Amino acid sequence: MRSVVRLLLLATTALLISACASNQEEEVLPEQTYYENARDAMSSGNFNEAEENLDALETYYPFGRYAEQAQMDLIYARYQNLDLEGARAAADRFLRLNPQSEHADYAMYMRGLASYNLDIGLAARYFPIDVSARDPGEQRQAFRDFSDLLNRYPNSDYAPDARQRMIAIRNRMAELEVHAARYYIKREAYVAANNRARYVVENYSTSPAVEEALIILVETFRFMELNKAADDSIALLVENFPESDALDNNGEFVPTLLKRENRSLTSVVTFGLMGDE
């Protein structure tokens, strides 16, 4: 019995100590203290500490005097802390809680910026990769975010940068299509390569990738003996890119990509269609 009593006393003491420690850990600071701590932390570049204080501020004072500013700061702190998913979630929450805020354009811009960097930010920063060869993924979401910003706030201070990033996204998507066309050419899937190049010309007409897309069109059309289509593509190339390396000094097209092999056109078309699936 004495052993049982002793164990109960020890257990009760441990619970009391734990409860006291817990109460100390959960001590709630004044609202202004959390806010000032967060601002000081951001000023010194300590975004982890800033997040902790902003999270506490939102938890304990969700409708306080600093609530809206804290939500905006949290977007920024997470973004600077490379928590891009978290930054986007914080932006969504801000827009949901403050739909009429005068700072809604900022939240929309930061949401787009987080999506913009979600696919390529870390990869491009630390690894020598060609970002145009990667599936855009979140880039399309970023394009939609920036488009929403421009539709709702065309005169926003963030609108010019959003427009430039939308152009960059479109160019990256065009480069992705050209990259796929090159891949199909290596596989001798010329119909598939032609389809990808044509998509660039038709849908990304202002992209720098159009030049290479036209070159691919000329060579694949010629290979498939579609001479009229090839001539039309050359005319577009001469008109829009007269200094192209694919043209000689007389403006004549110089083929460099494809070499005709001794196999039937039927096999080329068949393999191309298979490669495009």
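Good morning. I begin with one residue: V218 has 0% relative accessibility, so it counts as buried, a term that means under 20% relative accessible area, with exposed over 50% and partly exposed in between, using a 1.4 Å probe and protein chains only. V218 is found in helix α10, which covers residues 210-223. Helices here are DSSP runs of H or I with at least four residues, strands are runs of E with at least two, and both are numbered from the N terminus.

What does V218 touch, not counting residues up to four places away in sequence? Its partners are A230, S233, I234 and F253, where contact means heavy atoms within 4.5 Å. One of these partners, A230, lies twelve residues from V218 along the chain, and the C-alpha atoms of the two are separated by 4.5 Å.

A word on the source. This is a predicted model, in which local features need pLDDT of at least 70 and side-chain atom pairs count only at pLDDT 80 or more, while totals for chains, interfaces and linings use all residues. Residues are numbered from 1 along each chain as its sequence is written, and side-chain values use heavy atoms, with hydrogens and water left out.

Let me turn to the whole chain. The protein chain has twelve helices and zero strands. Of its 277 residues, 40% count as buried. Among contacts with a separation of 6 or more, 59% join residues 24 or more positions apart.

The largest nonpolar core has 72 residues; such a core is a set of buried Ala, Val, Leu, Ile, Met, Phe, Trp, Tyr and Cys residues joined through side-chain atoms within 4.5 Å. Helix α8 gives the largest share of this core, ten residues. Those with the most contacts inside the core include F146, V200 and F253. Beyond four places in sequence, F146 is in contact with Y109, G112, L113, Y116, A162, R165, M166 and I169.

Helix α8, residues 159-186, also holds E177. Is E177 buried or exposed? It counts as buried because its relative accessibility is 13%. Outside its neighbours within four places, E177 is in contact with R196, Y199, V200 and Y204.

Finally, confidence. The mean pLDDT, the predictor's confidence in each residue from 0 to 100, is 84 for the protein chain, and 77% of residues reach 70 or more. Over residues 261-277 the pLDDT is below 50, and this stretch has 26 contacts in the model beyond near neighbours in sequence. Thank you.
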